Amino acid sequence: MEVPLPLPRLSSSFLPVPPPPPPRPPPPGSPGHRSPCGHRRREQGRVGGSGGSVAARSSFRSLVLKVYPFPITITAFQVAIGTVLVLLMWSTNLYKRPKLSSSQLVAILPLAIFHTLGNLFTNMSLGKVAVSFTHTIKAMEPFFTVILSALFLGELPNISVLASLVPIVGGVVLASFTEASFNWAGFWSAMASNLTNQSRNVISKKFMVKKEESLDNINLFSIITIMSFFLSAPLALFMEGINFTPSYGYSAGLNLKEIYVRSLLAALCFHAYQQISYMILARVSPVTHSVGNCVKRVVVIVASVLFFRIPVSPINCLGTGLALAGVFLYSRAKSARTNSA
């Protein structure tokens, strides 16, 4: 009787290895856990940072413009500091410099023009009226966004969106009639700033959809900043002359050190605010961006009233609150329309 030979034992290296189990998601609260609300919180953090930077920027600019009434020169100085920061970023390889074609430069030029005019009109308004009143007027941004989005993007508002604009406009009108520092130059400058800034935001959003991958929102804003400097510097020299030298400051009895430091801080805050603004704009719609701007205005208005100790009447507070309440209703109406779509 034959005894069967035992089968050779296979080495473990020849046995099929079962696939590893899928990695388990990290538990909530751990460093690697990504909450579904994480993106929203990041955007809220950017809006909060934007609000802080614009509050500081507006305060410093207003202090400078009250004693140094040259808004075009201040505008050129702000974008000059931004241009230096952009060139440092590219030269030190902190961010890759984009390769632009002539057609791209032509497409970006209108954005740079709107950017320059928007900041110039804001500076003109801050030099004429109180900071809180300028930003109360600028709470009408959604009104201009609706019109411009319909013209350039084909986004038509519904009835609820249009109805939410009524308290915004009414609140601004009520605050205007009761504002102690009101004058027409400051009012129309802030309104012109609304128009030009929202034109820039809407056209920027349209450009971001069509742009190449090499030109992201950071490089787009960098190119706009450099173009804005070359647009505003000759205008400042032609319209206001050379009035930033030490000899001029001493002859006018100005505290040059204080003006230089505040102007530099305002320029740095201005560049940080604009950069954060473009980072948000690349991720949301122009309407949502304008709503975030209006929420930011609450921070600016409250901070300026406390910082400058601006006297406000109850009717003025009512008008400002009515305008900001309209902004809230506007955001709810846009959110409901987006969810239904």
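Let me begin with what I am calling a helix today: a DSSP run of H or I that is at least four residues long, while a strand is a run of E of at least two, and both are numbered from the N terminus. Counted that way, the protein chain comes to 12 helices and zero strands. Read from the N terminus, the order of elements is α-α-α-α-α-α-α-α-α-α-α-α. And please keep in mind, everyone, that this is a predicted model.

Some overall numbers, then. The chain has 341 residues, and buried ones make up 45% of them. If you take the contacts between residues at least 6 apart in sequence, 88% of those join residues at least 24 apart.

Let's go inside. Which residues have the most contacts within the largest nonpolar core? They are Ile137, Met140, Ile168, Met191 and Tyr330, in a core of 17 residues. Five helices each supply at least two residues of this core: α4 (131-137), α5 (141-153), α6 (159-177), α7 (184-210) and α12 (314-340). There is also a second, separate core, with 14 residues, and Val86, Met89, Leu111 and Leu215 are included in it.

Back in the largest core, have a look at methionine 140. Once residues up to four places away in sequence are set aside, methionine 140 touches Ile168, Val169, Val172, Met191 and Asn194.

While you have helix α6 on the screen, find serine 176, which sits in that helix. Is serine 176 buried or exposed? Its relative accessibility is 9%, so serine 176 counts as buried, the cut-off for buried being under 20%. Apart from neighbours within four places in sequence, serine 176 is in contact with three phenylalanines, namely Phe133, Phe182 and Phe187. You can also trace a link to isoleucine 137: the C-alpha atoms of serine 176 and isoleucine 137 are 8.1 Å apart, with their positions 39 residues apart along the chain.

Now for some empty space. Rolling a probe the size of a water molecule over the atoms shows where such space is left. The second largest pocket holds about 350 Å³. Its lining has 21 residues, and Tyr68, Thr73, Ile74, Phe77 and Phe244 are the closest to its centre. Which helices each give at least two residues to that lining? The answer is α2 (71-91), α8, α9 (246-251) and α10 (256-281). Helix α2 gives the most, with five residues. As for chemistry, the lining divides into 15 nonpolar residues, six polar and no charged.

One of the residues closest to that centre is threonine 73, and threonine 73 belongs to helix α2. With a relative accessible area of 10%, threonine 73 is buried. Its contacts, leaving out neighbours within four places in sequence, are Tyr68, Ala236, Glu240, Asn243 and Phe244. With one of these, glutamate 240, there is a polar contact between side chains, at 2.6 Å. Another, alanine 236, is 163 residues away along the chain, yet the two C-alpha atoms are separated by 5.1 Å.

Staying in helix α2, we come to threonine 75. Threonine 75 counts as buried because its relative accessibility is 2%. Beyond its neighbours within four places in sequence, threonine 75 is in contact with Thr116, Asn119, Leu120 and Asn123.

Our third threonine, number 225, is found in helix α8, which covers residues 217-239. Threonine 225 has a relative accessibility of 2%, so it counts as buried. What lies 2.9 Å from a polar atom of the threonine 225 side chain? That is the backbone oxygen of phenylalanine 221. Leaving aside neighbours within four places in sequence, threonine 225 is in contact with Val79, Gly82, Thr83 and His271.

Last stop: the loop between α2 and α3 (102-128), where you will find asparagine 93. Asparagine 93 counts as exposed because its relative accessibility is 67%, and exposed here means over 50%. Most residues other than glycine have a negative phi. Asparagine 93, though, has a positive phi, near 60°.

That's the tour. Thanks for listening, and do bring your questions.

Notes:
Residues numbered from 1 in each chain as written. Predicted model: local features only at pLDDT ≥ 70, side-chain atom pairs only at ≥ 80, totals over all residues. Heavy atoms only, no water. Buried < 20%, exposed > 50% of the residue type's maximum accessible area, 1.4 Å probe, protein only. Polar contact = N/O pair within 3.5 Å; in protein donor to acceptor, adjacent residues only side chain to side chain. Contact = heavy atoms within 4.5 Å. 1 Å grid on protein atoms, 1.4 Å probe; cavity = no way out; pocket = protein on both sides within 12 Å on 5 of 7 lines; lining within 4 Å. Points joined across faces, edges and corners; volume = space filled by probe spheres on them. Nonpolar A, V, L, I, M, F, W, Y, C, P; charged D, E, K, R; others polar. Core = buried A, V, L, I, M, F, W, Y, C linked by side-chain atoms within 4.5 Å.
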